[in-house]
Amino acid sequence: MSVADLFPTLYNLSRADKFKVMQFLVQELATEEEALSLQPGVTYHVWSPYNSHEAANKLAALLEEDRQINDA
């Protein structure tokens, strides 16, 4: 069923039923958000530049290049 199909049905609902539909939709959205959020007690791996020698070499090369351009 598409959203366009739902609108006429929703329009004909009573005020109380419209609130129930809204509560249901808000709860569904909150549940989906919780599923996407970080969970307590879970370990998440995050990249860090520490011990990244390749990144350090690239940064040093860029800094040297910038120094040469600005000193010229």
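This short report walks through the fold, overall dimensions, surface and charges of the protein chain shown above.

The model is a predicted one, so please read the values below as computed from it. The protein chain has three helices and zero strands, and its pattern along the sequence is α-α-α. Helix 2 covers 15–36 and helix 3 covers 53–71, with a loop between them that holds Tyr-44.

How does the radius of gyration of the protein chain stand against that of a compact globule of 72 residues? The chain has 27 Å, whereas such a globule would come out near 11 Å. The C-alpha trace spans about 75 × 35 × 20 Å along its principal axes. As for burial, 1% of the 72 residues count as buried.

Here are the chain-wide surface and charge values in one place:

| Property of the protein chain | Value |
|---|---|
| Accessible surface | about 7,100 Å² |
| Share of that surface from carbon and sulfur atoms | 61% |
| Positive side chains | 5 side chains |
| Negative side chains | 11 side chains |
| Distance between the centres of the two charge sets | 12 Å |

On the surface, a nonpolar patch of about 440 Å² is formed by Leu-38, Val-42, Tyr-44 and Val-46. One of these residues deserves a second look: is Tyr-44 buried, partly exposed or exposed? Its relative accessibility is 41%; because buried means under 20% and exposed means over 50%, Tyr-44 counts as partly exposed. Tyr-44 thus joins two parts of the picture, with its place in the loop between helix 2 and helix 3 and its share in the nonpolar patch.

Conventions
Residues numbered from 1 in each chain as written. Predicted model: local features only at pLDDT ≥ 70, side-chain atom pairs only at ≥ 80, totals over all residues. Heavy atoms only, no water. Helix = DSSP H or I, 4+ residues; strand = E, 2+ residues; numbered from the N terminus. Rg over C-alpha atoms; globule rule 2.2 N^0.38 Å. Buried < 20%, exposed > 50% of the residue type's maximum accessible area, 1.4 Å probe, protein only. Areas by Shrake-Rupley, 256 points an atom, 1.4 Å probe, with all protein chains shown as cover. Lys, Arg positive; Asp, Glu negative; His and termini not counted. Charge placed at Lys NZ, Arg CZ, Asp CG, Glu CD. Patch = residues over 30% accessible without salt bridge, like charges linked within 9 Å, V, L, I, M, F, W, Y side chains within 5 Å. Salt bridge = Lys/Arg side-chain N within 4 Å of Asp/Glu carboxyl O.
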